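Biologist: I'm new to this one, so please stick to a single part and go slowly. Take a close look at the lining of the second largest cavity, then work outward from there. What kinds of residues does that lining divide into?

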Amino acid sequence: MHSPSPRSLVDLPIRRLNRGDLVPCADLCEDRGWPRDEHRWGLLLSAGTGYGIDAPDGKGLAATCLTMPYGSDFTAVGMMLVAGRYGRQGIARRLMRHVMETVGDTPLALYATEQGQPLYEDLGFSPVGRAERVGGRFEAIGSGTPSGTSSPARSSSALPASVLPSSASSVTTRPAAADDLQAMVRLDLPVFGADRTHLLARLPAFADRLQVAEDHGELVGYAALWPSGHAEVVGPLIARDTATAQALVAALAATTDRPLRADVDARHKELLGWLMERGLEPVSRTTVMTYGIPDLPGDAAHRFAPLTVATG
């Protein structure tokens with residue numbers, strides 16, 4: 001049986017993905033060496049719009065792409081995956097052109113791998129920043145207790161002084177409650193630069209842990225912890241300052257014995273250094289790119305990590 005020619009591949013129809021595609025999407029992730037992450041795909045397909053090309057050999061999906069809309073502010077693009085057997089045959093370009101035509105004048109943003117960056121540059125995207133992925137087992141230095149053995153209840157009050165940065169001594173963290181959502185949205189809007197209530201409202205059901213930080217009763221940060229393969233991902237991470245971000249990460253780390261992973265904005269060198277001091281190591285990096293806007297909206301000083309790079 002002959003493989004399809006490049007011409008026939010780029011002529012294959014593009015269709016909308018739905019929850020019935022969770023297993024084929026996960027299979028494609030596995031094909032590319034990523035965690036299967038059906039859980040993440042479920043969130044992305046419920047809050048965003050997935051596009052796919054069925055494999056001409058009848059075996060699952062040849063390619064996927066995901067868009068996450070934020071009104072007219074911008075649309076994030078992610079989960080651009082092409083099955084290994086169909087790589088370098090124009091499918092990714094075809095999907096991106098389809099997305100660009102579909103969103104019309106709405107600006108776009110994405111996190112590009114080193115392999116994908118030339119394609120996006122060729123399509124008119126510009127690099128505006130970087131994200132550093134770090135991962136490993138978090139060690140709470142000086143806490144006297146391994147990070148995985150602390151009970152979740154510990155996070156409901158102020159962290160021990162040995163874990164909590166001294167500059168954040170007035171900050172306490174606790175598990176988020178249902179009535180925290182409005183305060184989270186108010187904090188998030190100027191930081192992210194667009195309304196993502198449709199994502200934040202899904203966090204309590206999606207995340208293993210959702211933590212908020214307070215200073216004298218005022219919400220000054222929040223972070224989520226969610227499963228991906230053998231690790232737990234920290235994201236989104238929104239905080240008033242680095243010390244508050246550290247307090248949130250330490251509180252989340254205290255609730256799991258699995259390795260942590262985070263995609264940290266490379267501008268936050270202090271947080272990255274702190275994470276590496278506690279056992280996490282550089283894994284990979286991505287380039288933040290935009291189309292139709294000069295930079296990501298919002299306030300990067302308080303935006304430490306995305307929910308996932310697929311959501312912007």
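Modeller: The lining of the second largest cavity divides into ten nonpolar residues, one charged and no polar ones. Here Ala, Val, Leu, Ile, Met, Phe, Trp, Tyr, Cys and Pro count as nonpolar, Asp, Glu, Lys and Arg as charged, and the rest, Gly included, as polar. Keep in mind that this is a predicted model, where local features need pLDDT of at least 70 and side-chain atom pairs pLDDT 80 or more, while totals for chains, interfaces and linings use all residues. Numbering starts from 1 along each chain as its sequence is written, and side-chain values use heavy atoms, with hydrogens and water left out.

So who's in that lining? Among them are Val-234, Leu-237, Val-249, Leu-260, Arg-261 and Ala-262, and also Leu-271, Leu-275 and Ala-305. Strand 10 (231–239), strand 11 and helix 10 (269–277) each put in at least two residues, and strand 11 gives the most, with four. (Helices are DSSP runs of H or I with at least four residues, strands are runs of E with at least two, and both are numbered from the N terminus.) The space in there comes to about 60 Å³. A cavity, on a 1 Å grid over the protein atoms alone, is a set of points where a 1.4 Å probe fits but cannot get out; a pocket is an open set with protein on both sides within 12 Å along at least five of seven lines; and lining residues have an atom within 4 Å of a point. Points are joined across faces, edges and corners, and the volume is the space filled by probe spheres set on them.

Now step outward. The structure has three cavities of 30 Å³ or more, and the largest is about 200 Å³. It has 21 lining residues, and Tyr-111, Asp-265, Val-288, Leu-296 and Arg-303 are the closest to its centre. Strand 11 turns up here too, giving two or more residues, as do strand 6 (126–136) and strand 13 (303–305). Strand 6 has the largest share of this lining, four residues. By class, the largest cavity is lined by twelve nonpolar, two polar and seven charged residues.

Then there's the open space. The largest pocket has a volume of about 1,200 Å³. Trp-34, Met-80, Thr-113, Gln-115 and Gly-116 sit closest to its centre, out of 39 lining residues. Strand 11 (260–265) is one of the elements giving two or more residues to the pocket lining, and others include helix 4 (91–103), helix 5 (117–122) and strand 12 (281–291). Strand 4 gives the most to this lining, though, with six residues. The lining divides into 19 nonpolar, eleven polar and nine charged residues.

Met-80 is a handy link to another spot. Thr-64 is in contact (heavy atoms within 4.5 Å) with Met-80, and with others including Cys-25, Leu-28, Trp-41 and Met-79, leaving aside neighbours within four places in sequence. Thr-64 lies in strand 3 (61–70). Its relative accessible area is 0%, so Thr-64 is buried; buried means under 20%, exposed over 50%, and partly exposed in between, using a 1.4 Å probe and protein chains only. The Thr-64 side chain also reaches the backbone oxygen of Met-79 at 3.0 Å.

For contrast, look at His-39 in helix 3 (38–47). His-39 counts as partly exposed because its relative accessibility is 35%. Not counting residues up to four places away, His-39 touches Phe-206 and Pro-227, and its side chain reaches the backbone oxygen of Phe-206 at 2.6 Å. The C-alpha atoms of His-39 and Ala-207 are 9.8 Å apart, with the two positions 168 residues apart along the chain.

Zoom all the way out, and the protein has ten helices and 13 strands. Buried residues make up 54% of its 312 residues. Of the contacts between residues at least 6 apart in sequence, 70% join residues at least 24 apart.

Methods:
Polar contact = N/O pair within 3.5 Å; in protein donor to acceptor, adjacent residues only side chain to side chain.
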